[in-house]
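Let us take a walk through a protein model together. Keep the sequence beside you and the 3D view open, and turn the view as you read.

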Amino acid sequence: MGKITPQILLTFIRIDRNAGQTISNQLYEQLKNGIYEGMLRPLDRLPSSREMSLELKISRNIVSQVFEQLTMEGYFDTRTGAGTFISKNVEKVSYSRRKPQPLPPKPAHTVARPYGLNSVFEGHVSAHEPMVPFQQSIPLIAEFPFASWARISAAVHKNMHLLHLGYDDAQGYLPLRKALCDHLRISRTINCEPENMLIVNGSRQALNLAAEILLNPGDQCWMEDPGYAGAVSAIRRFGGQICPIPITNDGIDLDFATRQYPNAKLAYVTPSHQFPMGNTMALGQRIRLLNWARDNNLWIVEDDYDSEFRYNSRPIPALQGMDVNGNVIYVGNLSKVLFPALRLGYMVFPSTALARQFATAKSVIEGQSNIVNQAIAAGFIQQGHFSRHIRRMRLLYKKSQDDLVGLINIHLIGKLTPAPVEAGMHLVAWLPVGIDAAVIAQEAAKESLVIIAVDHYGVEFKQPNGIILGFSGFTFREMEAGILMLKKVIERHLNL
């Protein structure tokens with residue numbers, strides 16, 4: 001069956017019986033003006049003469065006469081059995097005789113909110129992000145098992161009538177929660193039940209929910225520095241006070257945190273793979289943090305960032321799996337493991353009651369996450385594709401990091417020093433002292449490279465000569481071309 005072009009609604013036509021002009025002339029002029037002014041475009045399908053006469057409450061004969069006249073003049077094109085269309089030849093006359101006047105600009109308005117909401121969003125941009133070197137957290141999309149995903153998707157859509165397609169529990173699709181609990185038990189030593197889990201639209205939603213529910217205005221919050229900007233924004237958005245804590249080789253500096261901010265109510269940490277520095281929190285520090293949380297009523301939000309991709313050792317057990325006092329809320333993400341557009345993440349809570357509180361809050365904000373995507377993801381995990389994909393990507397990303405380090409050591413030796421990581425999808429590289437990483441990142445952007453300065457994620461403890469290079473989503477040739485371009489940018493500054 002051929003494609004049927006939808007007909008255009010002629011809402012701009014107004015017939016005035018008291019205008020002193022015949023109805024025929026009014027219709028003729030308004031249709032022709034619609035072409036000149038761009039309201040009617042080439043190949044637009046018009047309503048039938050019967051439909052138009054009923055809509056405008058005029059004689060069908062008048063409509064037919066006007067259509068015949070405009071067809072004879074070359075503006076309309078009639079196709080037997082298909083209808084009447086705007087002729088493709090009107091491109092020669094459209095917009096040339098009568099160009100529509102631009103609308104007057106409207107005054108720009110800003111909206112004020114409590115707790116500095118507008119300033120919180122500074123630095124965040126909602127835009128299409130190019131998948132070019134060296135964008136961070138980009139999976140190698142070409143290696144994703146699309147055929148398996150498509151088969152599962154087809155089966156889910158075929159049996160959609162078996163899903164609950166009305167408003168559902170915001171806590172999430174039960175089979176997906178069960179599948180994730182099984183995966184986390186095996187891979188992250190997390191002992192959770194589906195009743196303790198909430199499905200969210202990525203880690204950013206999880207962090208905003210945590211800040212909204214756990215914080216009162218003015219509450220102090222330990223924040224890794226440098227650390228994830230999304231967490232900083234969430235805490236500030238709901239009135240929390242950011243308490244920047246420097247990073248050591250063993251993770252967050254607990255001596256500094258407990259000495260400077262002993263009254264903190266929440267700690268945001270990425271213990272398995274610190275973002276963005278890549279450090280891993282030592283076992284002794286983990287135990288200290290959990291004991292402090294127990295003794296001081298501190299909530300810990302554990303963002304298990306990139307923990308699936310560990311290259312030279314087995315994955316380290318999550319903090320949540322060591323917590324026996326109910327202080328840790330665990331945040332995980334499927335989007336970085338599979339593909340960012342999926343927008344699926346999850347939270348694991350120490351109790352069912354807390355999970356239900358968060359589910360209620362999510363239901364107020366938006367209701368349940370997309371049920372079809374949840375069902376597909378559940379099948380993908382249950383059938384073993386998820387674990388196989390992670391194992392395969394672990395090998396490929398390990399090679400990609402090795403390739404990137406090798407390219408830097410060949411082309412930028414002495415000009416850029418990479419710091420390979422044990423886990424994750426990016427590394428930090430260090431410029432010579434005196435070279436401003438932010439300036440290098442800005443100039444690299446002009447060459448279509450995506451490079452982030454470490455200080456972009458800093459609050460107080462600055463490291464001005466560090467840059468972040470993602471390696472997971474690119475081929476060797478793409479990275480090589482990117483490094484050669486980055487070399488030109490850096491050398492321009494070294495020669496100043």
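Our walk begins in an empty space: the second largest cavity holds about 70 Å³. Before going further, please keep in mind that this is a predicted model. The residues lining the second largest cavity are Leu207, Ala210, Ala211, Ala231, Ala234, Ile235, Leu266, Tyr268 and Val301. Try colouring them by class: nine are nonpolar, none is polar and none is charged. Three elements, namely helix 7 (203–214), helix 8 (229–237) and strand 7 (266–269), each provide at least two residues of this lining.

How many cavities of 30 Å³ or more does a search of the whole structure find? There are two. The largest cavity has a volume of about 160 Å³. It is lined by 17 residues, and those closest to its centre are Asp304, Tyr305, Asp306, Gly332 and Asn333. Strand 9 (residues 328–333) makes the biggest contribution to the lining of the largest cavity, with four residues. Here the classes are mixed, with eight nonpolar, four polar and five charged residues in the lining of the largest cavity.

Now let us look at the cysteines. A disulfide is a covalent bond between the sulfur atoms of two cysteines. How many disulfides does the structure hold? The count is zero. To see why, start with Cys181: its closest cysteine sulfur belongs to Cys192 and is 3.1 Å away, which is too far for a bond. The cut-off used for a disulfide is a pair of cysteine sulfur atoms within 2.5 Å. Cys243 tells a similar story, because the closest cysteine sulfur, in Cys221, is 6.7 Å from its own and too far for a bond. Are these two cysteines buried or exposed? Cys181 counts as buried, at 5% relative accessibility, and Cys243 is buried too, at 0%.

Next, find Gln171, in the loop between helix 5 (146–158) and helix 6 (174–188). Although it sits in a loop, Gln171 is buried, with a relative accessibility of 3%. What does its side chain make a polar contact with? The partner is the side chain of Arg356, at 2.5 Å. Setting aside residues up to four places away in sequence, Gln171 also touches a run of residues that includes Pro194, Glu195, Asn196, Met197, Leu198 and Ile199, and Ala355 and Ala359 are among its other contacts.

Another glutamine makes a nice companion. Gln285 lies in helix 10 (residues 283–296), and it is buried as well, with a relative accessible area of 15%. The cut-off for calling a residue buried is under 20% relative accessible area. Leaving out neighbours within four places in sequence, Gln285 is in contact with Asp250, Ile252 and Leu254.

Our next stop is the backbone. Most residues other than glycine have a negative phi, and most peptide bonds are trans. With that in mind, which places depart from the pattern? The peptide bond from Pro133 to Phe134 is cis, with omega near 5 degrees, and Phe134 is in the loop between helix 4 (117–120) and helix 5. The bond from Asp225 to Pro226 is also cis, again with omega near 5 degrees. Pro226 belongs to the loop between strand 4 (220–225) and helix 8.

Two residues other than glycine show a positive phi here: Leu43, with phi near 75 degrees, and Thr189, with phi near 55 degrees. Look for Leu43 in the loop between helix 1 (23–36) and helix 2 (49–56), and for Thr189 in the loop between helix 6 and strand 3 (197–200). Leu43 is partly exposed, at 44% relative accessible area, and Thr189 is partly exposed too, at 47%.

We finish with a glycine. Gly434 lies in the loop between strand 12 (426–430) and helix 15 (437–446). Is Gly434 buried or exposed? At 71% relative accessibility, Gly434 counts as exposed. Finally, pick out Gly434 and Ile483 in your view: they are 49 residues apart in sequence, and their C-alpha atoms are 20 Å apart in space.

Note on methods:
Residues are numbered from 1 along each chain as its sequence is written. This is a predicted model: local features need pLDDT of at least 70, side-chain atom pairs count only at pLDDT 80 or more; totals for chains, interfaces and linings use all residues. Side-chain values use heavy atoms; hydrogens and water are left out. Buried means under 20% relative accessible area, exposed over 50%, partly exposed in between (1.4 Å probe, protein chains only). A polar contact is a pair of N or O atoms within 3.5 Å; within protein, one must be able to donate a hydrogen and the other to accept it, and residues adjacent in sequence count only if both atoms are side-chain atoms. Contact means heavy atoms within 4.5 Å. On a 1 Å grid over the protein atoms alone, a cavity is a set of points where a 1.4 Å probe fits but cannot get out, and a pocket is an open set with protein on both sides within 12 Å along at least five of seven lines; lining residues have an atom within 4 Å of a point. Grid points are joined across faces, edges and corners, and a volume is the space filled by probe spheres set on the points. Ala, Val, Leu, Ile, Met, Phe, Trp, Tyr, Cys and Pro count as nonpolar, Asp, Glu, Lys and Arg as charged, and the others, Gly among them, as polar.
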